[in-house]
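This report looks at how the parts of a protein model meet, moving from strand pairing to the contacts between chains and between domains. Please read it with the sequence and the 3D view at hand.

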Amino acid sequence: MKQFIITLITITFATLLVNCGGDSAKTSSANTLSGTVKIDGSSTVFPITEAVAEEFGKLYPKVRVTVGISGTGGGFKKYSIGETDINDASRPIKDKEIKKANENQIEFIELPVAYDGLSVVVNKNNSWLDYLTVNELHNIWKPGSQVHYWNDIRSNWPRKEIKLYGPGTDSGTFDYFTDAINGKSQSCRSDFTKSEDDNVLVQGVAGDTYALGFFGFAYYKENTDKLKIVPIDDGNGPISPSMESINNGTYSPLSRPIFIYVNPESLKRPEVDKFVEFYLAETYKLSEEVGYVGLPESLTKDIQQKYKTRSTGKWYSQK
Amino acid sequence: MNDILSRRKLKAEIFRIIATISTWSSIIILIILLGNIAWDGLSKVNWTFLNNFPSRFPHKAGIKAAIWGSIWMLALVAIIAVPIGVSAAIYLEEYAKKNKLSRFIEINIANLAGVPSIIYGILGLTIFVRFFQLDRSLLAGSLTMSLLILPVIIMAAREAIKAVPKSIRLGAFAVGATRWQTIQSHVLPAATPGIFTGVILAMSRAIGETAPLIMIGALTYVAFVPENINDPFTTLPIQIYNWVSRPQVEFHHLAAAGIIVLLVVLLTMNAAAILIRNRSLKKYKW
């Protein structure tokens, strides 16, 4: 036993010493490109970034791409002190996050990578609901809402208690939904079942005839047999979320862009540059594979242009 | 008279039934849980799964990076936490005077064992990741985990040392041994089985923890095996957690397979420790 421990300690110190040599020289030719790309942020964007990293790894096996899921806000905290090269974000960067980054002389290039359609769903056995207007959604979800029974929404609906399900208040999804429906991010009634795990929300709505909930499109797409989608009417007739209606923007106001934010300083390292270039080129195909919706072609060109010229600051999310 | 006797017997019988039900209900729940996981995941545990990196395709995804990350972390935690924990226990039991200060330290260690693990994560993030600039490396993760399990190891080691009869120490002193000789040749070997039990419990906790690692920013997608203690890493519980939260049901099955692997690693580790413990148990008998 004693011998074993001594051996272990020796090995540890040996590896420590070897490591002091530091990163070896970085070359820029194709499969000898090495180095690291550090990514953190939203768990919503994670599946796309993971897919890109997986494909990128096949081309550049020596580049180490690592992806964390600290959440959009948690990721920005790391990004704004220079700990990561790229931040995955399921909502635009907030002003106070920009301020924090600027304090540390860190800038960002804002790059939308896909759309996600927030889906409002009800139980499969819900026979009365045909669609909801944005105004009805607002009445259901606004702070201090008086909607407690289904017939509080429309009087011919059953007088049964409505059970509400939604993501936790730390998630970008919650931020986006409340902003789009209630006009202010985080402003929402508080008496609903919250979970950070969207699968819990799926289970909740699937198991309760009088439930209503919302979450990302990918979770609806995998559970179409258990859930009924609610078409949303924002004044131009009820529209259900689908690849097409999210892509062309008719599913409004609940289709949202998701982003990566890139540190221009990191782009001086060729492995990060190559990775982002690859990301933008492949994101249309890969995002659809993992349940998101690719961006329209016209927008893709704008994004490539912004990236090429390294133009920093908010642009897309300002519109 | 007879009435009182039968009432006492009835009480005894009721207690026996309650105790039996308690035992069996926990065993049955365990069997159901294990059965459910085996049902979901057993078919997914194969060489591809063990030898592949994470992927967006469930049939290609594997846990190689997570297995190696967990093994690295456990080895480092053992190297860091066991010597420190045992030394601290020896100091508190054999050297420290029994005064207010040592009572104060004692109470604090006991309290630390009950602190939620996420607090250790915040501490690790501030001290190891940020202050010492260790980044999100294996070393930072292992140091954080070591902090987390140190109180458990210290308390178990103290109990084990305390259980060594005083006569053993006095005997050693009587033939002229110094305090160190006494500890090294008598107290420690005799306390080893008890210390090992504590270490097993502590390490089992370390292998299953996710919260502090997520807090210090351990990663989710890692497509390489860590080569040294400065490398970024992921561990089994983090990978399982990520798969469970995916929308696709195939990933949920992978999570079950990951749980099976985690259980196997855990049981192997515990079995090894129990073997070592039993070997030293045989040597010392009073």
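Which residue of β1(B) does Thr66(A) stand opposite? In this predicted model, the residue opposite Thr66(A) is Val222(B), which belongs to β1(B). The two strands concerned, β2(A) and β1 (residues 221–222) of chain B, run antiparallel and are joined by two bridges. As a general point, strands of a sheet pair through backbone hydrogen bonds, either parallel or antiparallel.

The strand pairing belongs to a broader picture of how the chains meet. In the contact between them, 35 residues of chain A touch 33 residues of chain B, and about 3100 Å² is buried between the two chains, with 52% of that area on carbon and sulfur atoms. Polar and charged groups also take part: there are nine salt bridges between chain A and chain B, and one pair that forms a salt bridge is Arg246(B) with Glu50(A), whose closest N and O atoms lie 2.6 Å apart. The count of residue pairs in polar contact between these chains is 16, with both residues of each pair at pLDDT 80 or more. On the side of chain A that touches chain B, at least two residues each come from α1 (2–19), β1 (35–41), α2 (46–59), β2 (63–67), α8 (217–221) and α10 of chain A. The largest share of that side is supplied by α2(A), with seven residues. By class, the residues on this side of chain A comprise 16 nonpolar, seven polar and twelve charged.

A second contact lies within chain A, which is divided into domain 1 (33–115 + 257–308) and domain 2 (116–255). Taken over C-alpha atoms, the centres of these two domains of chain A are 28 Å apart, and their contact draws 17 residues from domain 1 and twelve residues from domain 2. Between them the domains bury about 1100 Å², of which 57% is on carbon and sulfur atoms. Of the area that domain 1 of chain A buries against domain 2, 40% is supplied by Tyr115(A), Gly291(A) and Val293(A), more than by any other three residues.

Two salt bridges are counted between the domains of chain A, and Arg91(A) forms a salt bridge with Asp175(A), the closest N and O atoms being 3.2 Å apart. Two residue pairs are in polar contact across this domain interface, both residues being at pLDDT 80 or more. The elements giving two or more residues to the side of domain 1 that touches domain 2 are β4 (109–117), β13 (255–262) and α10 (270–289) of chain A, and that side holds ten nonpolar, four polar and three charged residues.

The two contacts are set out together below.

| Contact | Buried area | Share on carbon and sulfur atoms | Salt bridges |
|---|---|---|---|
| Chain A and chain B | about 3100 Å² | 52% | nine salt bridges |
| Domain 1 and domain 2 of chain A | about 1100 Å² | 57% | two salt bridges |

Finally, chain A has an open sheet of three strands in the order β6-β11-β12, with mixed pairing. Because β6 (132–133) and β12 (238–239) of chain A stand at the edges with a single partner strand each, one side of each is left without a neighbour in the sheet. The strands β6(A) and β11 (residues 232–233) of chain A pair in the parallel sense over two bridges, and Leu132(A) stands opposite Ile232(A) of β11(A).

Notes
Residues are numbered from 1 along each chain as its sequence is written. Chains are lettered from A and ligands numbered from 1 in the order in which they are written. This is a predicted model: local features need pLDDT of at least 70, side-chain atom pairs count only at pLDDT 80 or more; totals for chains, interfaces and linings use all residues. Side-chain values use heavy atoms; hydrogens and water are left out. Domain bounds come from an automatic or database domain assignment. Contact means heavy atoms within 4.5 Å. Buried area is the accessible area (1.4 Å probe) that two parts lose on being put together, summed over both. A salt bridge is a side-chain nitrogen of Lys or Arg within 4 Å of a carboxyl oxygen of Asp or Glu. A polar contact is a pair of N or O atoms within 3.5 Å; within protein, one must be able to donate a hydrogen and the other to accept it, and residues adjacent in sequence count only if both atoms are side-chain atoms. Helices (H or I, at least four residues) and strands (E, at least two) are DSSP runs, numbered from the N terminus. Ala, Val, Leu, Ile, Met, Phe, Trp, Tyr, Cys and Pro count as nonpolar, Asp, Glu, Lys and Arg as charged, and the others, Gly among them, as polar. Two strands pair if DSSP finds at least two bridges between them.
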